[in-house]
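Please work through the exercises below with the sequence and the model side by side, trying each task before reading its solution.

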Amino acid sequence: MDQQDRQTGEGEELRRTPSLECRGREPDEQKDREQEPARVELARREISFVSQVAVAIRYLDVEVGTHVLDLLVEDRIVVELKAIRRLDDVHFAIVRSYLKAVGREHALLLNFAGSKLEIKRVFSRDSEGACRLSGFVGF
């Protein structure tokens, strides 16, 4: 992937960590329209990102499903874009599961539905180092 592809999130990229395999993939039309302003702004600021990243969910080294991340910025921050009336606990739990799947610590949950942009920071671990996901500690 060349620098231009990395900035625009186009092209296919394969990244491997011990339990992560993800590929950039083509977004569906609706999601593409919703994400385009964010992608344009990131590219304008020369911030690297990949959009619509399919991430394997593994249990005991067996793939049991797939998460699709809206954006992975600078290979460090998961960004989930929403346009819903209000953010619920389930949205935070989903983002935390994304963080666990990609082995990252930080995410942003953005909600565009209100009169003001709502931005929430999401962390994969609490101060004791245990993951907080749907009431499970150490999940």
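A residue counts as buried when its relative accessible area is under 20%, as exposed when that value is over 50%, and as partly exposed in between. The model used in these exercises is a predicted one.

**Exercise 1.** Decide whether His-91 is buried or exposed, and then find its surroundings.

Solution. Begin by locating His-91, which has its place in helix α3. Next, compare its relative accessible area of 14% with the cut-off of under 20%: His-91 is therefore buried. Finally, setting aside residues up to four places away in sequence, list what His-91 touches, namely Lys-82, Ile-84, Arg-86 and Leu-109.

**Exercise 2.** Apply the cut-offs to Arg-76, and state which residues it contacts.

Solution. The place to look is the loop between β4 and β5, where Arg-76 is found. Its relative accessibility is 55%, and because the cut-off for exposed is over 50%, Arg-76 counts as exposed. Without its neighbours within four places in sequence, Arg-76 is in contact with Arg-104 and His-106. A further step takes in Phe-49, which is 27 residues away from Arg-76 along the chain, while the C-alpha atoms of the two are separated by 9.3 Å.

**Exercise 3.** Describe the largest nonpolar core and say which elements supply it.

Solution. In soluble globular proteins, nonpolar side chains tend to be buried together. Here the largest nonpolar core has 16 residues, and those with the most contacts inside it include Val-53, Leu-69, Leu-109 and Val-122. At least two residues of this core come from each of β3 (49–59), β4 (62–73), α3 (89–102) and β6 (106–111), and α3 gives the most, with six residues. A second, separate core has seven residues, among them Leu-71, Val-73, Leu-81 and Leu-110. Returning to Leu-109, its contacts beyond four places in sequence include His-91, Phe-92, Val-95, Ile-119 and Val-122.

**Exercise 4.** Characterise the second largest pocket by its volume and its lining.

Solution. Start with the volume, which is about 280 Å³. Then turn to the 14 lining residues, of which Ala-38, Glu-41, Leu-42, Leu-71 and Leu-110 are the closest to the centre of the pocket. The elements α2 (29–44), β4 and β5 (77–82) each supply at least two residues of this lining, with α2 giving the most, five residues. As a last step, sort the lining of this pocket by class: eleven residues are nonpolar, three are charged and none is polar.

Conventions: Residues numbered from 1 in each chain as written. Predicted model: local features only at pLDDT ≥ 70, side-chain atom pairs only at ≥ 80, totals over all residues. Heavy atoms only, no water. Core = buried A, V, L, I, M, F, W, Y, C linked by side-chain atoms within 4.5 Å. Buried < 20%, exposed > 50% of the residue type's maximum accessible area, 1.4 Å probe, protein only. Helix = DSSP H or I, 4+ residues; strand = E, 2+ residues; numbered from the N terminus. Contact = heavy atoms within 4.5 Å. 1 Å grid on protein atoms, 1.4 Å probe; cavity = no way out; pocket = protein on both sides within 12 Å on 5 of 7 lines; lining within 4 Å. Points joined across faces, edges and corners; volume = space filled by probe spheres on them. Nonpolar A, V, L, I, M, F, W, Y, C, P; charged D, E, K, R; others polar.
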